[in-house]
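Got your viewer open? Grab the mouse and let's take a walk through this one, a stop at a time.

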Amino acid sequence: MTISQPKTSGKTKTIKCPQCGKPSVWSPENSYRPFCSERCKLIDLGTWANEEYRIPTAPSEDDYSTGMDDDERPHTPTRH
């Protein structure tokens, strides 16, 4: 996803919707900005909620993950 600079046409600025690429009005009246519609805004929210957007990082020793799948981890009984 790339962010483009707003284009000015008269007094109205338009940008490319980050979801679908259609022109989107950049103004306080557009409650969905930077998106062009509620649909595009909700699609983007769903992508975040499904953890499909990721920030790449290098593995760290501070990472609490073992890097193993559930079936690879040794079984540790839990006390109730």
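Start by selecting residues 38-49, helix α1. Helices here are DSSP runs of H or I with at least four residues, strands are runs of E with at least two, and both are numbered from the N terminus. The expected span of a helix is 1.5 Å times one less than its number of residues. With 12 residues, α1 should therefore span 16 Å, and its end C-alpha atoms are indeed 16 Å apart.

Before you click on, know that this is a predicted model: local features need pLDDT of at least 70, side-chain atom pairs count only at pLDDT 80 or more, and totals for chains, interfaces and linings use all residues. Residues are numbered from 1 along each chain as its sequence is written, and side-chain values use heavy atoms, with hydrogens and water left out.

Stay on α1 and pick C40, D44 and T47, its buried residues. Buried means under 20% relative accessible area, exposed over 50%, and partly exposed in between (1.4 Å probe, protein chains only). The three buried residues cover an arc of only 55° around the axis, so they sit on the same side of α1. That arc is taken from the directions from the helix axis to the C-beta atoms. An α-helix has 3.6 residues a turn, so residues three or four places apart point the same way. Now spin to the other side of α1, where R39, L45 and A49 are exposed. Just after α1, look at E51, which takes a positive phi of about 55°.

Next, show the cysteines. How many disulfides does a search of the whole structure find? It finds 0, taking a disulfide as a pair of cysteine sulfur atoms within 2.5 Å. Zoom in on C40: its closest cysteine sulfur, in C20, is 3.7 Å away, which is too far for a bond. C36 also has C20 as its closest, at 3.6 Å, again too far for a bond. C40 is buried, because its relative accessibility is 2%, while C36 has 26% and so counts as partly exposed.

From C40, hop to G21: 19 residues away in sequence, 9.9 Å away in space, C-alpha to C-alpha. G21 is in the hairpin of β2 and β3, which has 6 residues between the strands, and takes a positive phi near 90°. Select strands β2 (residues 12-16) and β3 (residues 23-26): they run antiparallel, joined by 4 bridges. Two strands pair if DSSP finds at least two bridges between them. Try I15, whose bridge partner in β3 is S24.

Last stop: W26, with the charged end of R33 over its ring, 5.2 Å from the centre. To count, NZ of Lys or CZ of Arg must be within 6 Å of the ring centre and within 35 degrees of the ring normal.
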